[in-house]
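Dear colleague,

Please find below the sequence and the structure that I am handing over to you. My findings follow directly after them.

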Amino acid sequence: QYLLTLTLFLPAMMLWYRVPLAAPMLVFPVFLTLHLMFTIGVALVLATSTAFFRDVRHLLEVALAVMFWTTPIVYDLAQVPEHLQLPILLSPLSSFLVAYHDIFYLREWPDTTVWMVALAYTFGALVLGATLIVAVQDRLTEKRRRGMSARAASRNGFSCGTTHRSN
């Protein structure tokens with residue numbers, strides 16, 4: 001679906017709004033790939049964490065709300081006071097959105113700082129996610145086996161320490 005959006009919707013919107021092509025748009029696939037790899041890394045961390053800690057879901061809701069307001073989605077980074085621009089840029093998704101803004105709206109090459117932050121978050125998330133998965137892989141397999149055994153036992157009328165009587 002996202003690929004369809006990129007191949008049909010993005011060019012159509014560029015034509016509709018008469019956005020001229022510019023050389024910086026050539027780096028869009030690079031930032032899109034970095035964004036995708038960052039998302040995969042974060043997904044690995046969250047999936048692993050959720051398997052062991054149920055409250056990750058609730059913490060994620062709070063984190064997403066904070067990230068929404070610290071990511072320049074509804075405002076431009078240039079509107080932020082100078083002394084707050086770097087902390088805002090260090091929000092996990094900011095570098096990607098600032099790059100997309102620079103590429104399509106301003107038709108400029110993303111700043112070196114944007115590149116460095118995007119690369120750092122991407123490779124940090126991937127390394128952390130892969131390391132975490134590899135480190136707990138055996139325990140994840142064991143949790144899955146125990147979960148499958150518990151489901152099979154409950155289907156057969158057995159449950160942890162209780163008996164079921166049929167009338």
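**Helix 5 and its surroundings**

The buried residues of helix 5 are S94, S95, F96, V98, A99, Y100, D102, I103 and F104. Please bear in mind throughout that this is a predicted model.

To place this helix in context, the chain contains six helices and zero strands. Read from the N terminus, its elements follow the order α-α-α-α-α-α. Of the 167 residues in the chain, 24% are buried. Among contacts with a separation of 6 or more, 68% join residues that lie 24 or more positions apart.

**The pairing of helix 2 and helix 5**

How do the axes of helix 2 and helix 5 cross? The axes of helix 2 (residues 28-52) and helix 5 (residues 94-106) come within 10 Å, and the crossing angle is roughly 165°. Angles over 145 degrees count as roughly antiparallel, and the two helices are therefore roughly antiparallel to each other. The crossing of helix 2 and helix 5 is left-handed.

On the side of helix 2, the residues that meet helix 5 are F28, F31, L32, L34, H35 and F38. Their partners in helix 5 are S95, F96, A99, Y100, I103 and F104. Sorted by class, this contact of helix 2 with helix 5 holds 10 nonpolar, two polar and no charged residues.

**The nonpolar core**

The largest nonpolar core has 24 residues, and F28, F31, F96 and I103 have the most contacts inside it. At least two residues of this core come from each of helix 1 (2-16), helix 2, helix 4 (82-89), helix 5 and helix 6 (112-155). Helix 5 gives the most, with six residues. As general background, nonpolar side chains tend to be buried together in soluble globular proteins.

I103 may serve as an example. Setting aside residues up to four places away in sequence, I103 touches P24, M25, V27, F28, F31, E108 and P110.

**Two further buried residues**

V98 also lies in helix 5. Is V98 buried or exposed? With a relative accessible area of 9%, V98 is buried, because the limit for a buried residue is under 20%. Apart from its neighbours within four places in sequence, V98 is in contact with P72, L77, L89 and V114. The C-alpha atoms of V98 and T71 are separated by 8.9 Å, although these residues are 27 residues apart along the chain.

T48 belongs to helix 2. Its relative accessibility is 2%, so T48 counts as buried. Not counting residues up to four places away in sequence, T48 touches L132, I133 and V136.

**Two arginines with positive phi**

Which value does phi take at R18? Phi of R18 is near 55°, which is a positive value in a residue other than glycine. R18 is in the loop between helix 1 and helix 2, and at 72% relative accessibility R18 counts as exposed.

R107 likewise is not a glycine, and its phi is positive, at about 55°. R107 follows helix 5 and is placed in the loop between helix 5 and helix 6. Its relative accessible area is 34%, so R107 is partly exposed.

**Where to begin**

When you open the model, I suggest that you start with I103, one of the residues with the most contacts inside the largest nonpolar core. From there you may turn to F28 and F31 in helix 2, both of which I103 touches.

With kind regards

Note on methods:
Residues are numbered from 1 along each chain as its sequence is written. This is a predicted model: local features need pLDDT of at least 70, side-chain atom pairs count only at pLDDT 80 or more; totals for chains, interfaces and linings use all residues. Side-chain values use heavy atoms; hydrogens and water are left out. Axes are lines fitted to C-alpha atoms, for helices over the stretch in contact, and angles run from 0 to 180 degrees between N-to-C directions. Helices (H or I, at least four residues) and strands (E, at least two) are DSSP runs, numbered from the N terminus. Angles under 35 degrees count as roughly parallel, over 145 as roughly antiparallel, 65 to 115 as roughly perpendicular and the rest as oblique. A crossing is left-handed if the near helix is turned anticlockwise from the far one by less than a right angle, and right-handed if clockwise. Contact means heavy atoms within 4.5 Å. Ala, Val, Leu, Ile, Met, Phe, Trp, Tyr, Cys and Pro count as nonpolar, Asp, Glu, Lys and Arg as charged, and the others, Gly among them, as polar. A nonpolar core is a set of buried Ala, Val, Leu, Ile, Met, Phe, Trp, Tyr and Cys residues joined through side-chain atoms within 4.5 Å. Buried means under 20% relative accessible area, exposed over 50%, partly exposed in between (1.4 Å probe, protein chains only).
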